[in-house]
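Me: I'd like a close look at one helix in this model, and then how the rest of the chain sits around that picture. Could you walk me through it in one go?

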Amino acid sequence: MYPKLEVHTGFNRYGSLFCFHDDGHMTPQLYQLPATPHFKKLRVLDLGSLHFITGIPSYVADLILLRYLALRPSKSLNSLPLLKDWNLQTLVLLENWGVSTSAEDPKPLIPEIWELPKLRHLQFCRTIVLGTPTVVHQCIQTVQWLRPFQCTEQVFLSIPNAKVMGIFMEGSVEFGEPNCLDNLRCLNQLEELKIESRHNPMFLPVVYAFPVQLKKLKLKGTLVPWDAMIVIGMLPNLQVLKLKNGACQGPHWELTQGSFRQLKSLLIYGSDLMHWEATGNNVFHVLESLILKECYELEAIPSSFEDILTLKLIELCHCYSRLVNSANQIQEVQRDYGNNGLVVRAYNIWRNAEDVLEDELKEELEGR
């Protein structure tokens, strides 16, 4: 797209068009793709790298064969050139470049988007609020990001077959207020749930509010107390748990017998956790992957990990050497049990003060 796109008759054979623009400063540019019949056969159109100052080009609505459309709308977006006879299956609306946007002042999106008959996957930036569904949409499988006030029974029952859901908690929830997450029970087919917050405390719903089919859960910036994670540990089919950038808060996490029995992958990224205990049997019973990043305060991995013979990987990044030492100890014990497949991968590790002093003492003794 630099400096411009030259159109030729050969375009009538193309099924996909990806546009790229990067001048090193992400300066907003105005582009207009030629509205010619040469694009009529497009099924994939990705304009996510371009900034349309005057709004979404009207000719996009003429591409009725589109299956995938990615756009980066301007802040003033209040409509989309939609046609109800579109074949669109995936719509992605990305966050704007170079324009000050605020999640506290979101822009509503026209409700007609729900009426696209074949729409399956809908992803939009946090500065846009999706309109309320006017019909039950059986095809929708992915929706992100919803706001708490949109997490109602009416909305969830309108997308009964959703498998992936993203919820953005823009404000803290006061104790005693109705928990919008209680309505998750309406999504019987949900397999993956992402909840993000701007480091505002969030209360978890009771365990039976979570869909029984839930396999993947990601929390980011939600500041959930570690002791409240007992609810997550009871989810019967959870296989992947990602805790990122202050998902949980507090220095101590103690797990009890029977927690996370089906979990296969655990990621903790950016945490102030110091002491981690896991007692009893059947804790992380089938865990295969443990990834710890930017856990500077964490002193050790629980010794009970020595008994998890399904463990294949422990990955450590941006932590202190004491944590690596505990991982290596687990690896040694596992080898004694006959599990030679466990890999410990560590990089960008900081040395503990006691290790530095010990090395200095050794050097001094060797010098003598």
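Reply: Start with the buried side of helix H3: Ser321, Leu323, Val324, Ser326, Ala327, Ile330, Gln331, Val333 and Gln334 are all buried there. Keep in mind that this is a predicted model. H3 covers residues 321–336, and its geometry checks out: with 16 residues at 1.5 Å a residue, the span should be 22 Å, and the end C-alpha atoms sit 23 Å apart, so the two agree. After the helix comes Gly338, with a positive phi near 100°.

Now step back to the chain that H3 belongs to. Its secondary structure adds up to four helices and 20 strands. Of its 368 residues, 47% are buried. If you take the contacts with a separation of 6 or more, 55% of them join residues 24 or more positions apart. The accessible surface is about 18,200 Å², and carbon and sulfur atoms own 50% of that.

The aromatic rings are worth a stop too. The count of aromatic pairs comes to nine. One of them is Trp253 with Phe260, an edge-to-face pair with 6.2 Å centre to centre and 90° between the planes. Trp253 has a relative accessibility of 1%, so it counts as buried. Phe260 is buried as well, because its relative accessible area is 3%, and the cut-off for that label is under 20%. Another pair is Phe284 with Phe305, which is tilted: 5.6 Å centre to centre, with 45° between the planes. That pair ties together distant parts of the chain, 21 residues apart. Phe284 is in the loop between strands E17 (275–278) and E18 (289–293), while Phe305 is in the loop between E18 and strand E19 (313–317). Both Phe284 and Phe305 are buried. Put the ring pairs together and you get a cluster linking Trp226, Trp253, Phe260, Trp276, Phe284 and Phe305.

One last spot, on a strand this time: Thr90 belongs to E4, which runs over residues 90–93. Its relative accessibility is 15%, so Thr90 counts as buried. What does Thr90 touch, leaving aside its neighbours within four places in sequence? Its contacts are Arg67, Tyr68 and Leu69, along with Leu119 and His121.

Technical notes: Residues are numbered from 1 along each chain as its sequence is written. This is a predicted model: local features need pLDDT of at least 70, side-chain atom pairs count only at pLDDT 80 or more; totals for chains, interfaces and linings use all residues. Side-chain values use heavy atoms; hydrogens and water are left out. Helices (H or I, at least four residues) and strands (E, at least two) are DSSP runs, numbered from the N terminus. Buried means under 20% relative accessible area, exposed over 50%, partly exposed in between (1.4 Å probe, protein chains only). Contact means heavy atoms within 4.5 Å. Accessible areas come from the Shrake-Rupley method with a 1.4 Å probe; for residues, only the protein chains shown count as cover. Rings of Phe, Tyr and Trp (its six-membered ring) pair if their centres lie within 6.5 Å; planes under 30 degrees apart count as stacked, over 60 as edge-to-face and the rest as tilted. The expected span of a helix is 1.5 Å times one less than its number of residues.
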